[in-house]
Amino acid sequence: MVGRWISALRARLRALVGPGRSDRELNDELSFHVAMEIQANVASGMSPAEAERRARLELGGMQQLKENLRDQRTVPWLDYLVQDLRYAIRTILHTKVASAAVIVTFAFGIGANTAIFSLVNSVLLSPLPYDSPERIMTVEPLWTNTGQTNTVSSAPDFRDWRDQNHVFEYMAFHAGREVRVVANGTPIFAAVQLVTPDFFSVFGVRSFRGRLWTEAEETSPLAVVSHAWASSQFGEAASAIGQRIEVVGRSAEIVGVASPGFTYPASTDMWLSSALIPINQNRGGHNYFVVGKLKPGVGVDEARADMRVIAARLEQEYPANRFKSVAVTPMLDKLTNRAQTTLWLLFGTVIGVMLIACVNVANLQMARAAARGREMAVRSAIGAGPGRLGRQVLTENLVLGLAGCLVGLMFGWFTLKVFLAMAPADIPRLDEVHIDGRVLLFTLAVTTLCSVLFGVGPARRATQADMSSGLRHQTARGTVRGIAPRVRSTLVVAEVALSLVLLVASGLLLRSFMRLSQVDLGFTTERVLVTTTSYPAGGTEATAFYRDLIAQLRTIPGVRRAAGVMTMPFDTLRANSGYTVDGSPTAYGKGEPPIAELQIVTPGYFDTVNTPIRAGRDFDDGDISGRPQVAIINARLAREAFGDSNPLGRIIRTGMTPESKQGMQIIGVVADARQRSPEIPSRPEIFMPYLQQPGPGSRLTLLTQTSLDPVLLAGSVRETARRLNSGVPIRFSTMDEVLTKALSYPRFRTVLVASFAVLAAILALVGIYSVLSYLVAEQTSEIGVRLALGAVRRDIFSRVITESMRVVVIGLAVGLAISLIAVQAIDTVLFDISSRDPVTIAAVIGLLAVTALAASGIPALRAASVDPLVALRDE
Amino acid sequence: MSKPPDLMQGTLDLLLLKIIALAPRHGWAISQRLKQVSGEELQVSDGSLYPALHKLELAGWITAEWKVGELGRRAKFYTLTPAGRRRLEHETEHWQRVSSAITRVLRLKEV
């Protein structure tokens with residue numbers, strides 16, 4: 001059987017690829033026949049001329065025979081395809097407006113889909129650009145009492161995990177921030193990461209030049225720099241090897257340059273050995289991000305089980321590990337965790353937009369098909385089979401779809417650029433976002449599917465109308481009346497329902513964002529200049545620098561207040577630790593270890609950010625080393641640990657530093673402030689004075705409250721700092737910018753979902769308008785008759801409006817039902833508003849109803865202004 | 001020259017397959033052999049011979065090969081493929097069933 005197909009295929013292919021050769025063979029075959037016949041005829045006694053005449057006659061018309069044979073050998077569908085294409089393009093050009101409407105509608109849907117799918121594809125779906133990325137895991141403490149993971153781990157825990165597990169090939173930790181680095185004699189900020197030697201093995205990174213350090217060298221001050229940083233600092237990556245740089249006041253040697261493109265985490269400039277930054281050896285001090293590479297063939301569940309056994313053992317062994325288990329998460333999930341909700345939400349929205357676009361296309365195609373009913377009937381009457389007509393409709397729709405796809409891709413590319421410009425910088429892997437083969441394939445698949453489903457289906461329905469009625473009708477349309485109005489009404493219902501769902505979602509996001517923007521943060525962001533510096537040395541030398549600098553900043557004209565803080569609001573990396581209060585062993589009763597966020601501030605911090613002090617006093621210049629240790633707590637901690645009793649004067653202890661372990665007297669209570677995020681209510685928090693905590697107090701961010709635009713003061717602040725020490729790098733920002741950045745995720749999704757919902761609503765309104773216009777145009781003669789028989793124009797108008805609003809109301813009801821169920825999916829990203837918020841839903845329904853009314857008004861007016869004479873003459 | 005009555009649909013294919021099955025031949029030889037065996041009764045016009053041959057070739061029942069024939073000229077020789085052989089058997093059997101059925105009907109005596 002297969003052999004038969006092969007030889008048949010060969011014969012056809014020969015005809016297709018070499019028509020010249022196959023023609024010649026045909027010639028040869030036939031002329032051989034003629035020659036043989038002549039010879040036979042001559043042998044039987046004919047004259048040569050007669051013999052040839054008879055031979056040719058016998059064969060029939062030579063030329064016609066050749067034509068027949070040739071036809072048999074070519075591939076007819078290819079001919080038909082060319083013909084269909086030519087015909088499709090001619091039809092499309094002939095009906096420019098309708099075709100443009102289809103193309104533009106498709107382009108909107110496809111463009112939106114392409115842009116969002118590019119984001120989803122690059123951020124969520126593509127594997128991480130490392131060696132065996134599926135084996136790379138993050139390992140974090142998991143508090144069994146709260147179910148929360150902790151992101152950062154303690155160094156002793158890490159060591160036990162690494163040494164006792166059976167599932168990881170490599171395990172490493174990293175921790176870092178932007179610090180002062182002196183390269184080529186210039187102090188600059190660089191993103192550094194303290195890493196353990198196996199860090200590079202986890203990611204399968206090799207050195208591009210030089211080498212990576214080994215476990216034995218961990219105690220030497222060594223650095224590996226990123227390819228990009230090496231190139232920008234030393235011109236050529238290779239010349240970085242052997243250079244000495246100054247990092248956090250210590251000298252380090254660059255031994256290697258990492259392979260180009262590797263900058264994990266985020267955009268790190270250099271990785272340092274632990275000799276450069278002392279490691280916190282406290283089991284309760286969580287500072288380090290642990291990453292690991294599973295052994296080949298080990299599953300995530302197996303790894304979890306193995307690690308939990310170790311954690312359970314540690315829990316028995318150390319009091320600090322109480323309730324501390326361990327979580328193992330694939331790194332891709334961890335990295336994209338926050339972006340996932342937003343991106344899937346956007347993806348759902350654009351699919352809604354695409355569906356509405358498709359419904360519109362279906363509508364337009366039905367109208368076109370109806371208008372061409374007569375043409376189809378004629379073609380069918382002169383012999384085009386239903387298959388042939390169907391194929392032509394298919395070709396036409398595919399051509400339209402592909403044109404829409406092309407325009408849509410351009411639109412999508414442009415939209416993607418806009419998205420990337422406004423996307424939150426902390427969406428991971430944004431630099432990897434691009435339109436790749438998978439995106440193109442996705443777009444093409446969507447286009448083809450939609451063209452076939454929503455273009456051919458309706459058009460086929462229209463062409464199936466029987467040809468005799470199509471021919472008999474005088475007007476071009478009319479053949480599809482009877483089926484089409486109901487189908488089209490259904491389409492309008494679908495459009496209204498879908499756009500209601502999208503508008504409800506975007507309305508909720510909008511209201512949620514407005515509430516989020518107005519939430520009482522507990523501190524001010526207005527007119528506060530943020531100055532980031534990095535002092536070359538640590539300890540008391542650094543705190544002295546900050547003390548002097550703050551004092552001098554206060555003398556700058558325009559500065560109202562100045563202070564310093566260790567962890568900026570909304571910084572994701574925040575110190576926390578368990579705490580105890582002397583005399584209240586069971587502050588929490590349930591045996592949970594109370595956890596507090598830890599913060600180091602200078603005197604005057606609360607005034608500078610306008611956080612009111614509820615009781616007691618602020619820190620002052622007397623709270624220095626050697627004096628009694630003091631602390632300020634926030635209202636939440638006061639409430640949770642002390643209830644109604646007075647916390648002032650009580651002693652509180654935390655495990656952050658040796659000083660804080662010895663116990664600190666509570667001297668004040670401040671109002672709660674949303675430190676983590678505007679969305680998250682404040683947690684219990686302990687503030688400590690920087691001069692009593694020289695370790696963590698040696699790296700502060702300075703805040704300056706000004707009476708002018710804070711940016712105007714940047715110059716004088718820089719000068720003041722330089723006068724004190726010319727070796728500190730300085731960078732500026734404002735508290736408003738910090739807040740803007742913190743709100744970038746909700747803003748991004750709100751703006752995008754709202755834009756798409758508005759686009760969807762516009763498409764839906766255009767759909768309602770075009771369906772009604774078409775129905776009115778179709779009924780022109782009927783309306784003419786009614787008017788001629790004495791109908792009142794106002795009745796005609798209200799009849800059209802009623803008809804359309806009936807459909808719209810059904811759509812709204814269906815949409816409402818879907819909204820109540822589907823929109824719950826966004827509950828997790830809503831702030832302070834329910835996904836069933838009646839005000840929002842009512843407002844959206846009202847808005848949609850009014851605009852739908854307006855959209856039906858124009859066709860209704862047109863119906864009411866029909867001239868009965870003209871209408872009847874048309875018929 | 002008047003055309004002989006058209007052969008029954010599909011019968012020409014069967015005849016051609018059979019003749020080619022006997023030995024690979026070129027078109028003229030097939031035509032001659034057909035005339036020779038069946039006499040004038042089943043004369044096939046050369047004008048319908050070649051389309052039929054090409055159709056069989058495209059269907060994969062026979063394949064063609066260029067070889068030097070009589071007169072020292074290149075001629076296209078047709079050979080049966082294995083699939084063509086099965087087809088021939090199937091068609092032959094079919095023909096025999098149909099023709100014997102027809103014969104039985106024709107033998108019925110008029111009353």
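These are legends for a set of close-up views of a predicted model.

**View 1. The whole complex and its confidence scores.**
Before zooming in, here is what the predictor says about its own work: the complex gets an ipTM of 0.85 and a pTM of 0.72. For chain B, the mean pLDDT comes out at 81, with 86% of the residues at 70 or more. The stretch to treat with care is residues 1-5 of chain B, where pLDDT stays under 50. For that stretch the model has three contacts beyond four places in sequence.

**View 2. How chain A divides into domains.**
The domain assignment splits chain A into four pieces. Domain 1 covers 2-74, domain 2 covers 146-322, and domain 4 covers 535-728. Domain 3 is written in two segments, 337-517 and 744-874. If you want a ruler for this view, the C-alpha centres of domain 2 and domain 3 of chain A are 53 Å apart.

**View 3. Two nonpolar cores in chain A.**
Which residues have the most contacts inside the largest nonpolar core? They are A:Val353, A:Val496, A:Ala505, A:Phe756 and A:Ala760, in a core of 100 residues. Take A:Val353 and skip its neighbours within four places in sequence: the contacts left are A:Phe108, A:Gly109, A:Ala112, A:Phe756, A:Leu759 and A:Ala760. Apart from the core of 100 residues lies another one of 64 residues, which includes A:Ile136, A:Phe168, A:Ala303 and A:Met331.

**View 4. A hairpin in chain A and a parallel partner.**
Strands β2 (residues 168-183) and β3 (residues 186-195) of chain A run antiparallel and are joined by ten bridges. Together β2(A) and β3(A) make a hairpin with two residues between them. At the turn end, A:Ala183 sits opposite A:Thr186 of β3(A), and A:Asn184 in the turn has a positive phi of about 55 degrees. β3(A) also pairs with β8(A), this time in parallel, through three bridges. Look for A:Val192, whose bridge partner in β8(A) is A:Met270.

**View 5. A cis proline in the loop before β8(A).**
Where is A:Pro265? It lies in the loop between β7 (250-258) and β8 (270-272) of chain A. The peptide bond from A:Tyr264 to A:Pro265 is cis, and its omega is near -10 degrees.

**View 6. Two non-glycine residues with positive phi.**
A:Thr151 is not a glycine, yet its phi is positive, at about 65 degrees. You'll find A:Thr151 in the loop between β1 (136-143) and α7 (155-164) of chain A. A:Asn610 is not a glycine either, and its phi is about 60 degrees, again positive. A:Asn610 belongs to the loop between α18 (605-608) and β15 (613-616) of chain A. Buried or partly exposed: how do they come out? With 17 other C-beta atoms within 10 Å, A:Thr151 is partly exposed. A:Asn610 has 17 such atoms within 10 Å and is partly exposed too.

**View 7. Strand β20(A) and its partners.**
Five of the six residues of strand β20 (residues 701-706) of chain A are buried, so β20(A) is largely enclosed by the rest of the structure. Strand β11 (residues 528-533) of chain A runs antiparallel to β20(A), with five bridges joining them. One position to pick out is A:Thr531, opposite A:Leu702 in β20(A). Strand β12 (residues 559-565) of chain A also pairs with β20(A) in the antiparallel sense, over six bridges. There, A:Val559 has A:Thr706 of β20(A) as its bridge partner.

**View 8. Chain B and its open sheet.**
Chain B has four helices and three strands, and along the sequence they read α-β-α-α-β-β-α. Of its 111 residues, 32% are buried. Among contacts in chain B between residues at least 6 apart in sequence, 49% join residues at least 24 apart. The three strands form an open antiparallel sheet in the order β1-β3-β2. Why is one side of β1 (25-26) and β2 (62-68) of chain B left without a neighbour in the sheet? Both stand at the edges with a single partner strand each. β2(B) is joined by seven bridges to β3 (residues 74-80) of chain B, and B:Ala64 has B:Tyr78 of β3(B) as its bridge partner.

**View 9. Helix α2 of chain B.**
At 1.5 Å a residue, the twelve residues of helix α2 (residues 27-38) of chain B should span 16 Å, and the end C-alpha atoms are 17 Å apart, which agrees. The buried residues of α2(B) are B:Gly27, B:Trp28, B:Ala29, B:Ile30 and B:Ser31.

Methods. Residues numbered from 1 in each chain as written. Chains lettered and ligands numbered in written order. Predicted model: local features only at pLDDT ≥ 70, side-chain atom pairs only at ≥ 80, totals over all residues. Domains from an automatic or database assignment. Pairing = 2+ DSSP bridges. Expected span 1.5 Å × (residues − 1). Buried ≥ 20, exposed ≤ 12 C-beta atoms within 10 Å, placed from the backbone. Contact = placed C-beta atoms within 7 Å. Core = buried A, V, L, I, M, F, W, Y, C linked by C-beta atoms within 7 Å. pLDDT = per-residue confidence, 0-100.
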